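Please open the model in your viewer and keep the sequence panel beside it, since each stop on this tour begins with a selection.

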Amino acid sequence: MCRRLLAGLLCVCAALLTGCSTLNQAEDLAFAVILGVDLTGQGEIEICIQVPKITGQQSEGESGSSGSSDHLVYSAVGRDFDEALTLLQWAVPRKLDLSQLNLIVISEKLAKDDNFSRIADAVMAMPRLYTAARLAVCEGSALAFVSAEKPVIGTRMSTELTATFEDYVKNGFIPDTTFADVYYLSKSVYSDALAVYAETAPGSGESEQAAAASAVIPDASSASRSETQQSNRFLGAAVFRNGSMAGRLSGEEFLYCKILQGERQTFAFTLGEQTVGLTTLGAPSVTIDTSASPVKIDLGLRFSIAASSKNASREALEAALEEALLRTVSVCKSMGAEPLNLAEIASGQFLTIDDWIAFSWRERFLESDVQIDVRVFTSES
């Protein structure tokens, strides 16, 4: 009887000790929430990570890293991605854990370089990394961007980035895509992929005046009509074609791209001195004549006016919206890309994938005749 009791006590003690060990392990791990990748001037790969301080106290070995009082940033440079990651694991004084990544940031320089395809392959080979993390292309240095990102972090993993992205996606500021989405779509034979575009204030120095009719989105980082405490701005989209970045869509252009893709969207639209609330009505009607030369694409879109804007001129709105949407199509054509999800519709006219590939959709789209018809309705009509 005593032996059974002793054995039971030993089991309980073992379980308790195991639990304590598990709790201690969390403090010994470096949970990266952002990973940045860049191309150096010497053609090497630089990887950086942002790690929140779980305990709120700086532990031994962390004083050499950059970061604010609530997070740390580590970086390493190698001849390729794998070597840089190995050196990074050595530089971090705790065991590096990438399972909590919310965001993968790559510099625009790397996104447009031939090296990006190899980097993307390496990231895709890492389990649990690419399927959850969003991809953003930053205007300047990835290390500078990651260092400037200051999420609110307490004693648990911050969800601020996730909440930010969900809100921006809802408002049509950025695309809702993961690293894996961009990787596969940029290599597909259908429409091209979109990733989040980001910049660090003071931004790119955009100085062009807003169009007379446009969506109310603060594209310029110096816009006086909006203020934010964040140095980093997530706005617009990077367009990927054939495994690398082809160009950028501004916040306004991405909003129209999203509408042309058939996504439901409520937004504010400026027309002269008036701001009009609009909501898309259903998916666009799309007719594509692939037998025509050039290919003929007809798009029909419907919008409803908010009750507070019912006095706006419907005819002027329709003309302004048609112009803005056609301008976005022209921007896509100028970068040699088709991120509008039109390929998925056009491909239905071909019996086999080989026939579709032989058709060379992207080249046909660049020369296509696109017509857009917009109809605006009030609640009474």
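**A helix, a hairpin and two cysteines**

In this predicted model, begin by selecting helix α8 and colouring its buried residues, which are G251, E252, F254, L255, Y256, C257, K258, I259 and L260. The helix spans residues 251–260, and because nine of its ten residues are buried, α8 is largely enclosed by the rest of the structure. Move next to the residue G262, just after α8, where the backbone takes a positive phi of about 100 degrees.

Now step back along the chain and select strand β10, residues 232–241, together with strand β11, residues 244–249, which pair with each other in the antiparallel sense over five bridges. To see one point of this pairing, pick F240, whose bridge partner in β11 is M245. Two residues lie between the strands of this hairpin, and N242 there takes a positive phi near 55 degrees.

For the last stop, return to α8 and show the side chain of C257, which is among the buried residues of that helix and has a relative accessible area of 0%. How many disulfides does a search of the whole structure find? The search finds zero, and C257 accordingly is in no disulfide, the nearest cysteine sulfur being that of C332, 5.2 Å away. Because a disulfide is taken here as a pair of cysteine sulfur atoms within 2.5 Å, the 5.2 Å between the sulfurs of C257 and C332 does not qualify. Select C332 as well: this cysteine also counts as buried, at 0% relative accessibility, and the nearest cysteine sulfur to its own is that of C257.

Notes:
Residues are numbered from 1 along each chain as its sequence is written. This is a predicted model: local features need pLDDT of at least 70, side-chain atom pairs count only at pLDDT 80 or more; totals for chains, interfaces and linings use all residues. Side-chain values use heavy atoms; hydrogens and water are left out. Buried means under 20% relative accessible area, exposed over 50%, partly exposed in between (1.4 Å probe, protein chains only). Helices (H or I, at least four residues) and strands (E, at least two) are DSSP runs, numbered from the N terminus. Two strands pair if DSSP finds at least two bridges between them.
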